[in-house]
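Thanks for sharing this one. Here are some notes to read with the structure open beside you.

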Amino acid sequence: MSVVVAIKPSARKRNAKVGRLVFEDGTRHAFESRAAAERWADDLSAGDGHVWVASAHPRDGDDADCYLVSRATNAKLEAAYDKRRRRLRGDAGAEQESLGGEP
C-alpha cells in the first residue's frame, strides 16, 4: 500500500527543510505506509519548525491520502488582530487611553 502525502503551504513556510524539499522534489511524496510518512515528518522537524502528517478529509477532491502541515503563526500579529477585533466589536475596555488615563 502506498500513502501519498501532499505538502501544504503552512509546512513549507514554517520549516526551511520542507521549503527546500518542495523546491527540489515537488509537493507530493509517496511512502510505503503512514508510519513511514510520520517518521519522515519527524526527521524534517528536527532542529526546525514542527511539521506533522494529518489525514486528508474523505470529501477532499485531492488525490493525497495525507498532508504535511504546520501551524504557521505569528503570536504578535495575532494579538494585534484580536485587539483590533475587540475594538471594532465595541467591547468594554477596548478604548485606548492617553497616559493621563482619560480616553
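1. A cut-off first, as several points lean on it: a residue is called buried when its relative accessible area is under 20%, exposed when that value is over 50%, and partly exposed in between. Please also keep in mind that this is a predicted model. In helix α3, the buried residues are A36, A37, W40, A41, L44 and S45.

2. What lies over that buried side of the helix? Among the elements that cover the buried residues of α3 are the strands β1, β2, β3 (52-55) and β4, together with helix α2 (16-25). The helix itself runs over residues 34-45, 12 residues in total, and spans 17 Å from first to last C-alpha, close to the 16 Å expected. After α3 comes G47, with a positive phi near 80°.

3. Stepping back to the whole chain: the protein has four helices and four strands, and their order from the N terminus is β-α-α-β-α-β-β-α. Of its 103 residues, 27% are buried. Among contacts with a separation of 6 or more, 54% join residues 24 or more positions apart. The exposed area is about 7,400 Å², with carbon and sulfur atoms supplying 49% of it.

4. Strand β2 deserves a slow look. It covers residues 28-31, with H29 and F31 on its covered face and R28 and A30 on the uncovered one. β2 pairs with β1 (residues 3-7) in the antiparallel sense, over four bridges. Within that pairing, R28 is the bridge partner of A6.

5. Which residues form a network of salt bridges? They are R28, D62 and D63. The side chains of R28 and D62 meet at 2.6 Å, N to O. Because D62 sits in the loop between β3 and β4 while R28 belongs to strand β2, this pair ties together parts that are 34 residues apart in sequence. The other salt bridge in the network joins R28 to D63 at 3.5 Å, N to O. D63 is also in the loop between β3 and β4, so its pairing with R28 in β2 ties together parts 35 residues apart.

6. How exposed are the members of that network? R28 has a relative accessible area of 37% and is therefore partly exposed. D62 is partly exposed too, at 26%, whereas D63 is exposed at 57%.

7. The count of salt bridges comes to three, and one of them brings us back to α3: the side chains of R34 and E38 meet at 2.9 Å, N to O. Both residues lie in that helix, four residues apart, which is about one turn. R34 is partly exposed at 29% relative accessibility, as is E38 at 33%.

8. Finally, do look at S70, in the loop between β4 (66-69) and α4 (75-89). Is S70 buried or exposed? Its relative accessibility is 9%, so S70 counts as buried. The side chain of S70 reaches the backbone oxygen of H50 at 2.8 Å. Leaving aside residues up to four places away in sequence, S70 touches S10, A11, R14, H50, V51 and W52.

Note on methods: Residues numbered from 1 in each chain as written. Predicted model: local features only at pLDDT ≥ 70, side-chain atom pairs only at ≥ 80, totals over all residues. Heavy atoms only, no water. Helix = DSSP H or I, 4+ residues; strand = E, 2+ residues; numbered from the N terminus. Buried < 20%, exposed > 50% of the residue type's maximum accessible area, 1.4 Å probe, protein only. Polar contact = N/O pair within 3.5 Å; in protein donor to acceptor, adjacent residues only side chain to side chain. Contact = heavy atoms within 4.5 Å. Pairing = 2+ DSSP bridges. Areas by Shrake-Rupley, 256 points an atom, 1.4 Å probe, with all protein chains shown as cover. Expected span 1.5 Å × (residues − 1). Salt bridge = Lys/Arg side-chain N within 4 Å of Asp/Glu carboxyl O.
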